[in-house]
Amino acid sequence: MVHYGLRPDKHQRSLCPFHADKTPSLQLYPKTASFCCFSSNCSAGTGDVIWFIELMDKCSTHAAIMKA
Ligand SMILES: [Zn+2]
């Protein structure tokens, strides 16, 4: 996920690219390749790297799996 421009801090938190984020509210879980956005006004919610790529590239699940 880092190659999508995320710069997670030492707590693996990053500014969420899916909503207007001023404080890092996107928690990354590198071990499981998943993420969770803690903001209540964000549509990303919780998901894995496939879902992340779908949101970032606005592509289909199949296309996301091919990229992952
Ligand atoms: Zn978010």
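Which residue follows H1, and what is the sign of its phi? In this predicted model, H1 is followed by Lys58, whose phi is positive, near 50°. Lys58 belongs to the loop between H1 and H2 and is not a glycine. Most residues other than glycine have a negative phi. Lys58 counts as exposed because 8 C-beta neighbours lie inside 10 Å of its own, and a count of 12 or fewer is classed as exposed. The setting of this residue is best described after the overall arrangement of the chain.

The protein chain contains two helices and four strands. Read from the N terminus, the elements follow the order β-β-β-β-α-α. The C-alpha atoms occupy a box of roughly 30 × 25 × 20 Å along the principal axes. For 68 residues, a compact globule would have a radius of gyration near 11 Å, and the value of 11 Å found for the protein chain agrees with this expectation. Of the 68 residues, 15% count as buried. Among contacts between residues at least 6 apart in sequence, 17% join residues at least 24 apart.

The four strands form an open sheet in the order S1-S2-S3-S4, with antiparallel pairing. Strand S1 (13-14) and strand S4 (46-48) stand at the edges; each has a single partner strand, so one side of each lacks a neighbour in the sheet. Strands of a sheet pair through backbone hydrogen bonds, either parallel or antiparallel. S1 and S2 run antiparallel and are joined by two bridges, and Arg13 has Gln27 as its bridge partner in S2. S2 and S3 pair in the antiparallel sense over four bridges, with Cys37 in S3 as the bridge partner of Leu26. These two strands form a hairpin with four residues between them, and Ala33 in the turn has a positive phi of about 50°.

Strand S3 (residues 34-37) is joined to S4 by three bridges, and the two run antiparallel. Within this pairing, Phe35 stands opposite Gly47 in S4. H1 packs on the sheet, where it touches S3 and S4, and the direction of H1 makes about 105° with that of S4.

The side chains of S2 (residues 26-29) alternate between two faces. Leu26 and Leu28 point to one face and are buried, whereas Gln27 and Tyr29 point to the other and are not buried. This arrangement can be set beside a general rule. In a regular strand the side chains alternate between the two faces of the sheet.

Burial in H1 involves Val49, Phe52 and Ile53. These residues cover an arc of only 95° around the axis, which means that they lie on the same side of H1. An α-helix has 3.6 residues a turn, so residues three or four places apart point the same way. The cover over the buried residues of H1 includes S3, S4 and helix H2 (61-67).

The largest nonpolar core comprises eight residues, namely Cys16, Leu26, Leu28, Phe35, Cys37, Val49, Phe52 and Ile53. S2, S3 and H1 are the elements that give two or more residues to this core. H1 gives the most, with three residues. The buried pair of S2, Leu26 and Leu28, is thus found in the core list together with Val49, Phe52 and Ile53.

Leu55 also lies in helix H1 (residues 49-57). Leu55 counts as partly exposed because it has 18 C-beta neighbours inside 10 Å, whereas burial requires 20 or more. When residues up to four places away in sequence are set aside, Leu55 touches Phe18 and Ala44. Leu55 and Ala44 are 11 residues apart in sequence, and their C-alpha atoms are 7.5 Å apart in space.

A positive phi also occurs at Gln12, where the angle is about 60° although the residue is not a glycine. Gln12 lies in the segment before S1. With 15 other C-beta atoms within 10 Å, Gln12 is partly exposed, whereas Lys58, in the loop between H1 and H2, counts as exposed.

How values were computed. Residues are numbered from 1 along each chain as its sequence is written. This is a predicted model: local features need pLDDT of at least 70, side-chain atom pairs count only at pLDDT 80 or more; totals for chains, interfaces and linings use all residues. Two residues are in contact if their C-beta atoms, placed from the backbone, lie within 7 Å. The radius of gyration is taken over C-alpha atoms; the globule rule is 2.2 Å times the number of residues to the power 0.38. Two strands pair if DSSP finds at least two bridges between them. Axes are lines fitted to C-alpha atoms, for helices over the stretch in contact, and angles run from 0 to 180 degrees between N-to-C directions. The arc is that of the directions from the helix axis to the C-beta atoms. A nonpolar core is a set of buried Ala, Val, Leu, Ile, Met, Phe, Trp, Tyr and Cys residues joined through C-beta atoms within 7 Å.
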